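Trainee: I'd love a close look at one part of this model. Could you take your time over it and then show me what else is worth a look?

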Amino acid sequence: MERLDTDVVVIGSGFSGIAMGIALRAAGRDFVILEKAADIGGTWRDNRYPGVACDVPSHLYSYSFELNPLWSRAYAPGDEIQDYLLYVVEKYRLRPHVRFRHTVQHAWYDEKFGVWEVVSATPDGLLTTLRCRDLVVAVGQLHSPAIPDLPGLADFRGEVMHTSSWEPGTTVHGKRVGVIGTGATAVQIIPELAQDAARLSVFQRTPTWVMPKIDPEYSDSLAQTYEKRPWLMRAHRAKLKTFAETRSLGFTKQPLLMQAASLVARQHLHSAVSDANLRDRLTPAYVMGCKRIPLSDDYYPAFARDNVELVTDAITQLDATGVRTADGAHHELDLLVLATGFDPRGAYRALGVVGARGASLSHDIDAGLGTYYGVTAADYPNLFFLLGPNTLLGHTSVLLMMEAQVELVMKLLAERDRRGAAVVAVRPEVVAPFTAEMQQRSHGSVWETGCRSWYLNTNGDNYVLWPGSVPEYERRVRRPEMVDYEFTTPPGG
Ligand code: NAP
């Protein structure tokens, strides 16, 4: 009998890795969570830039099994979300399962025994190998920063900071600051920097649609009511979930609806910026929803400030002191902020995963690896992705998808045990039609109406978002067809 160090290795201790740990612990399974940082968390541990918050309502951006009556406002700031996650980890006693500062270097599937061997390294170079039955990849798609390939970036002698590595405590007071990018992150950081910077130059390649943010603070009495009557909190969450779902149609099937909704964003811009020329430059040409729709009441007004400049000429070159643009202007800077987003497949590539028959995840993921519901892939037996391809969302909380996935994984493990098998793998013949369905449905979505975004792969196909409603996804994965999976026992297993 093959000796295992643990049953399951989970890579990552963000929201999805923690949800997986909670489910594994409840089922009495032995597991280890490998976390490359020094503490729990993912997005909300790493992203500490001024203004960081979640644009999904707090009562929906929390685990369904651990609602939080104490949210301070409708849209929680990032540090409050991180505190919530830390609280959950203590409550469910997960910390002893986590190995901090363990970066996965390599993981390979041993076909003879049907087990994974995972090698991780600590910062001092200590390598640890864990043999486990199952591998859960919970690394997130918004983890590896996308650093733009701008000529002369290395020559710039001021500070350069990607938003995800913002050092808390950094001050921009009196500094000349440049921000590259105008996506969802930039919309949050720009109004904050504008307040303190001596001068803020925003380098915009594509404008973004910004909707009003209705973000009331929650009173203590509301928190007390929710504590005493949790059913009211659940009812509020159900209402938020239902309301958000009404928007999915515009994203997935009827982009024309998004065109109508963009009138609200247009009006929002109009009421904040009186200069017609500036308004034109801030007005997107793409259909709203093709990129993520940020919410902010401060973003547009920031451009009306005297110390803020919108730069729409392309960046041609950086040098020691700043940025030169195509109109020949030179923008002198002390600090350059890269709000340039993430490489959605970067974190997968870094893991060095090699599956059955020598399949390389770093190669396959870039080649458009076909998955089944974003969770399993044919050449990767006993491996489960959380929030994998085609399972993120643009219209509501991604935690809903992730909880459904955790449930699916637990069901597959239980079914494998029930059958006395050692390996579960999705059948290749169901992956191809599922992948084709994802592509075909995405063609009718707003994401493929012609904008550039991180949702699309190099072929222009949506490889990130689920092209349907959350209830549909939940319905389909919560009652898995076990015939879609193979349960086997390898010779040595
Ligand atoms: P993003 O949406 O990918 O935006 C990156 C920005 O950088 C874009 O404006 C892009 O311009 C610009 N850019 C990239 N490379 C450039 C270059 N070489 N020259 C000039 N401009 C360049 O990244 P993000 O804003 O970090 O958001 C990523 C995702 O994070 C979002 O879609 C969302 O899912 C998530 N997010 C969520 C929240 C939340 O509240 N839940 C908040 C922030 C982020 P182009 O548009 O022209 O490519």
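Trainee: In what order do the five strands of the open sheet with parallel pairing stand?

Mentor: Before you click on anything, remember that this is a predicted model, where local features need pLDDT of at least 70, side-chain atom pairs count only at pLDDT 80 or more, and totals for chains, interfaces and linings use all residues. Residues are numbered from 1 along each chain as its sequence is written, and side-chain values use heavy atoms, with hydrogens and water left out.

Now your sheet. Reading across, the five strands (DSSP E runs of at least two residues, numbered from the N terminus) go β8-β15-β9-β10-β11. The sheet is open and its pairing is parallel; pairing takes at least two DSSP bridges between two strands. At the edges you'll find β8, residues 159-162, and β11, residues 308-311, each with a partner on one side only. Neighbouring strands here are turned by 20° against each other on average, if you ignore direction.

Zoom in on β9 (176-180) and β10 (199-203): these two pair in the parallel sense over five bridges. Pick valine 177 and look across, and you'll see leucine 200 of β10 standing opposite.

Then bring in α4, the helix made of residues 184-196. Helix α4 lies across β9, β10, β11 and β15, the last being residues 335-338. Against β10, α4 runs at about 160°, on a scale from 0 to 180 degrees between N-to-C directions of axes fitted to C-alpha atoms.

For contrast, turn to the three-stranded open sheet, ordered β12-β13-β14 with antiparallel pairing. The edges are β12 (315-318) and β14 (330-332), each pairing on one side only. On average, neighbouring strands of this sheet are turned by 25° against each other, again ignoring direction. Strand β13, residues 322-325, is joined to β14 by three bridges, the two running antiparallel. Glycine 322 has glutamate 332 of β14 as its bridge partner.

While you're at it, have a look at a pair of helices too. Helix α5 (220-228) packs against helix α6 (230-246) at an angle of about 105°, the axes being 4 Å apart. That angle is why α5 counts as roughly perpendicular to α6, a label that covers 65 to 115 degrees. From α5 come Thr225, Tyr226, Glu227 and Lys228, and they meet Pro230, Leu232, Met233 and His236 of α6, contact being heavy atoms within 4.5 Å. Sort the residues of this contact by class and you get four nonpolar, two polar and two charged.

So, to come back to your question: from edge to edge the order is β8-β15-β9-β10-β11, and α4 lies across four of those strands, namely β9, β10, β11 and β15.

Methods: Angles under 35 degrees count as roughly parallel, over 145 as roughly antiparallel, 65 to 115 as roughly perpendicular and the rest as oblique. Ala, Val, Leu, Ile, Met, Phe, Trp, Tyr, Cys and Pro count as nonpolar, Asp, Glu, Lys and Arg as charged, and the others, Gly among them, as polar.
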